[in-house]
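Here is a friendly walk through a protein structure, one stop at a time. Please keep the sequence and the 3D view open beside you as you read.

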Amino acid sequence: MLDAQWSVTFEAFHDRTLPKSEWTHRAHLVVCRVALSTRTPTETVDYLRSAIRTYNEVTGVENSTSSGYHETLTRYFVDAVASLGASDMDDVFASPRCEAAAPLRYWSRTRLFSPAARARWIE
């Protein structure tokens with residue numbers, strides 16, 4: 001079950017009122033988990049692709065080949081959170097697959113932060 005505080009974080013992100021300083025890795029996981037509670041993983045990626053780009057624009061973050069929205073990271077974390085099923089946020093935060101550095105177990109830093117990985121899914 002999701003704690004009310006996580007719904008508040010999600011709503012503030014969705015409404016573009018979440019302060020930029022609060023758009024942390026944990027907030028990304030919360031938004032992903034809440035989105036997955038009513039969407040399939042594919043629908044969640046579609047939602048996040050649009051919502052993160054819009055949030056970035058509202059908070060002054062450029063979506064470019066070197067900053068802003070990152071397709072490979074978004075898809076990785078949607079899959080990681082979805083793989084936990086209906087876990088609560090404590091389980092999500094504790095999962096090794098959901099650690100901020102977890103994607104670096106699968107991609108080199110150069111590959112993961114390349115313009116190609118930012119723009120599209122890179123296996």
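## A guided walk

Let us begin at Cys-98, a buried residue with a relative accessible area of 1%. Before going further, please keep in mind that this is a predicted model. Is Cys-98 part of a disulfide, or is it in no disulfide? Cys-98 is in no disulfide, and the nearest cysteine sulfur, which belongs to Cys-32, is 7.8 Å away. In general, a disulfide is a covalent bond between the sulfur atoms of two cysteines. To count as one here, the two sulfur atoms would have to lie within 2.5 Å. Cys-32 is likewise in no disulfide, with the sulfur of Cys-98 as its nearest cysteine sulfur at 7.8 Å. The structure as a whole holds zero disulfides. Cys-32 counts as buried too, because its relative accessibility is 3%, and the cut-off for buried is under 20%.

From Cys-98 we can step over to Leu-29. Which residues does Leu-29 contact, once its neighbours within four places in sequence are left aside? Cys-98 is one of them, and the others are Phe-77, Val-81, Met-89, Val-92 and Phe-93. Leu-29 also has a place in the largest nonpolar core, which has 35 residues. Leu-29 is among the residues with the most contacts inside this core, together with Phe-13, Trp-23, Tyr-47, Leu-48, Val-81 and Met-89. Five elements give two or more residues to the core: α1 (4–14), α2 (25–36), α3 (41–58), α4 (71–82) and α5 (89–94). Which of them gives the most? That is α2, with eight residues.

Now let us look at how some of these helices pack. Two packed helices are described by the angle between their axes and the distance between the axes. For α1 and α2, the axes come within 9 Å and cross at roughly 95°. That crossing makes α1 roughly perpendicular to α2. On the α1 side, the contact is made by Trp-6, Thr-9, Phe-10 and Phe-13. On the α2 side, the residues are Arg-26, Ala-27, Val-30, Val-31, Val-34 and Ala-35. Sorted by class, this contact of α1 with α2 has eight nonpolar residues, one polar residue and one charged residue.

Helix α1 also packs with α3. Here the angle is about 70° and the axes are 10 Å apart, so α1 and α3 are roughly perpendicular to each other. From α1, the residues Phe-10, Phe-13 and His-14 meet Tyr-47, Ala-51, Ile-52 and Tyr-55 of α3. By class, the contact of α1 with α3 has six nonpolar residues, one polar residue and no charged residues. Phe-10 and Phe-13 may look familiar, as both also take part in the contact of α1 with α2.

The loops are our next stop. Arg-16 sits in the loop between α1 and α2. Its phi is near 65°, a positive value in a residue other than glycine. With 25% relative accessibility, Arg-16 counts as partly exposed. Thr-17 is found in the loop between α1 and α2 as well. Is Thr-17 buried or exposed? At 55% relative accessibility, Thr-17 counts as exposed. Thr-17 and Trp-6 are eleven residues apart along the chain, and their C-alpha atoms are separated by 14 Å.

Asn-63 belongs to the loop between α3 and α4, where a relative accessibility of 29% makes this residue partly exposed. Leaving aside neighbours within four places in sequence, Asn-63 is in contact with Arg-53, Asn-56, Glu-57, Gly-68 and Tyr-69.

Further along the chain, Glu-99 lies in the loop between α5 and α6 (109–112). Glu-99 counts as partly exposed, at 38% relative accessibility. Beyond its neighbours within four places in sequence, Glu-99 is in contact with His-25, Phe-77 and Arg-105. Phe-77 is also one of the contacts of Leu-29.

Our walk finishes with Ile-122, in the segment after α7 (115–119). Is Ile-122 buried or exposed? Ile-122 counts as buried, at 6% relative accessibility. Not counting residues up to four places away in sequence, Ile-122 touches Thr-72, Trp-107, Arg-111, Ala-116 and Ala-117. Measuring from C-alpha to C-alpha, Ile-122 and Ala-102 are 15 Å apart in space and 20 residues apart in sequence.

How values were computed. Residues numbered from 1 in each chain as written. Predicted model: local features only at pLDDT ≥ 70, side-chain atom pairs only at ≥ 80, totals over all residues. Heavy atoms only, no water. Core = buried A, V, L, I, M, F, W, Y, C linked by side-chain atoms within 4.5 Å. Buried < 20%, exposed > 50% of the residue type's maximum accessible area, 1.4 Å probe, protein only. Helix = DSSP H or I, 4+ residues; strand = E, 2+ residues; numbered from the N terminus. Contact = heavy atoms within 4.5 Å. Axes fitted to C-alpha atoms, helices over the stretch in contact; angles between N-to-C directions. Parallel < 35°, antiparallel > 145°, perpendicular 65-115°, else oblique. Nonpolar A, V, L, I, M, F, W, Y, C, P; charged D, E, K, R; others polar.
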